[in-house]
Amino acid sequence: MQENILSMRNIHKKFPGVYALNGVNFELCHGEVHALLGENGAGKSTLIKILAGIYTADEGEILIEGKKAKITDVYSSQAHGISVIHQELCLAPAMTVTDNIFLGKELAGKGGFINFAKQRYLAQKLLDSLKLEIKATDKVSNLSVAQQQMVEIAKALSIDAEIIVMDEPTASLTSKEVEMLFQTIKELKKKNIAIIYISHRLEELFQVSDRVTVLRDGKYIGTRETVGTTRDELIAMMVGRELKDLYKRSVHPLGETVLEVKNLNRNNILHNISFSLKKGEILGISGLVGSGRTELARAIFGIDSYDSGEILISGQKVQIHSAAAAMENGIALVPEDRKGQGLVLIQSVSYNITIPILKQFMKFIHINRKVEEEITSSYIEKLSIRTPSLQQIAQNLSGGNQQKIVIAKWLGTHPKILIMDEPTRGVDVGAKAELYSIINMLAEQGVGIIMISSELPEIVNMSDRVLVMFKGRITGRLERKELQQETVMYYATGGIKDAS
Ligand SMILES: Nc1ncnc2c1ncn2[C@@H]1O[C@H](COP(=O)(O)OP(=O)(O)OP(=O)(O)O)[C@@H](O)[C@H]1O
Ligand SMILES: [Mg+2]
C-alpha cells in the first residue's frame, strides 16, 4: 500500500449534549477510495466538516503528506488540496459550466478582462479528461443532478484537489447515473486522487471502495479492506449487532379501493395517468429522476394542479387544491426534499413532529405539552431518532435523523393514504429495517401506501405492485411475482408494457 496522504488521529468533537466524535482515526492513501460508514448520527459528516474547516476539532491532529496541518477554515482546507462535495450541490444554476468552474478564480487576460476563451478551453479539457459528455458552454440548470455532481468534481480538480470528499453523492442519483459517477471515480483514481466516500448504500461500497472505516456513536470501530469483508460484517460493526431480514413483508388480504386516479394530465409533465390503490396495499412507483413521480405525488396531494382527469377517494370524486384539503381527506405526503418542504429547521424536534396534529392538543387555547411530549417521545423511540432532547433544533440533527422526523410527522396524522417520496434516502441500514417494518405494519392496519423510490431493492422487496414511470407516463405495471430489478429498469428507461 502507498503512503498516506491524510491521517486524522484521535479526533474529538463535542456539541452541547452530544459527543459527536470520540477518538476517531482515519487514514487515506494516494489514489484510494476510502468509504466512511456508520449509522445516522455516527459522526461521519462531522469528521468531514472538520477536514473541510467548517468545524474545529476539540482534540486530535491532522497530518497531510506526513506533516501536521492546521486547518482553521474552509480556505486553509482548500489550500491543503481538500475539496468537499456536499450533498446539497452549490452550483449557480443560471450560469454555464465554465463560469461555475471558474467562479471566484476567473482567469485574467489582456487589460485585466476575463479571458473567457481560455476558461472555456480549460473547462472543456477538464471535462474531457474525466470522459464526461458535458459541454463547457452548457447551462447548469439544463444538466441532470448527476451531471451537476460531475461539474462539482471538475471544479474540485480545477483547484488541484488531491483529496475529494463525497458526502452521500448518490442519494439523489438513479442507478444509471451512479454508474456514471463510478466511471468518473475510476478516472480520478488514475489521476492518483484520493477519495473519501460516504454512502448508506452498502452495495455501492463493495463496487467502489478499497477500504471501509466504520464509526459508531462517534467512536472509531475499525477499518477493513473491502475485498475480503462481507456485508454482514460491516453491518455488525455499524449497528453493533446482527441484522437479519432487512425487508419485512407480511401477507395480508387487501381491502377495498381507497384511491383511484383516472386519466390525470398535466401539460408536458403527466400523461394519462390511471391507477388505483387498495387498503393495505403497498404500491411502489419506480422510474428515473425526472420521470414525473414526484409531480404525480404532488398532484394527488393538492400542491400542484392538473389540467384534466379525476381523483376518487373511497369511491367519491374529490377536488383537492391544498395540502390542508388533502389531509382532511386522509392523505399524507412525506416529501422528497426534507429541507425545503419537510422540516422547519430552526424549530425543535418536538415542534416538527407534532405540527400537523397540533389541533388535537388544543385544549382551550394552550397546547397540551404533555401529550405533545408523549407523542414525540413515542416516535423518537419507534424510529430510533437520535437526539439529545425533544427540544433539540432540527438542523442540528444528522441528515438521516432529520428524515426520520419528517416521517414521524406524517405518521402522526394517521392517514388512510400515505404517499412517501424516497422515504429511506440518507437513512442508515438499521433504521431502514425499522422503517420497512413500520411501513409493513401500517399496510397491515389497512393504510394504502404509495412508495416512490429510486432504490430498486426496496421497490422490489417491499411492493405488492409496481408502477414504472418514464417521461410522465406509466410504462410498466408489475405484479409482485414479476418483480425483478432488471425488469423495473427496463421500463424505467423507456421499455413499454402498459397493461391498462
Ligand atoms: N452543529 C451541531 N450542533 C449540535 N449537534 C450536532 C451538530 N452537528 C452535528 N451534531 C450531532 O452530532 C452527531 C453526529 O452527526 P453527523 O451529522 O456527523 O452524523 P452522520 O454520521 O453524518 O449521520 P447521517 O448518516 O445521518 O448523515 C449527531 O448526534 C448530530 O445530531
Ligand atoms: Mg451526514
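Colleague: Over how many bridges do strand E4 and E5 pair?

Modeller: This is a predicted model, where local features need pLDDT of at least 70, side-chain atom pairs count only at pLDDT 80 or more, and totals for chains, interfaces and linings use all residues. Residues are numbered from 1 along each chain as its sequence is written, with chains lettered from A and ligands numbered from 1 in the order in which they are written. Strands (E, at least two residues) and helices (H or I, at least four) are DSSP runs, numbered from the N terminus. Two strands pair if DSSP finds at least two bridges between them. E4 (residues 59–64) and E5 are antiparallel, and the count is 2 bridges.

Colleague: Which strands are the edge strands?

Modeller: The open sheet has 4 strands with antiparallel pairing, in the order E2-E1-E4-E5. An edge strand pairs on one side only. That gives E2 (18–29) and E5 (67–68).

Colleague: Where does the largest nonpolar core lie?

Modeller: Such a core is a set of buried Ala, Val, Leu, Ile, Met, Phe, Trp, Tyr and Cys residues joined through C-beta atoms within 7 Å. Buried means 20 or more other C-beta atoms within 10 Å of the residue's own, with C-beta atoms placed from the backbone. The core has 139 residues, with Ile-419 among those with the most contacts inside it. Domain bounds come from an automatic or database domain assignment. Both domains give residues to the core, so it lies between domain 1 (4–239) and domain 2 (257–330 + 415–492).

Colleague: How many residues of helix H9 are buried?

Modeller: H9 covers residues 293–300. Its buried residues include Leu-296, Ala-297 and Ile-300. The count is 7 of 8.

Notes. Buried ≥ 20, exposed ≤ 12 C-beta atoms within 10 Å, placed from the backbone.
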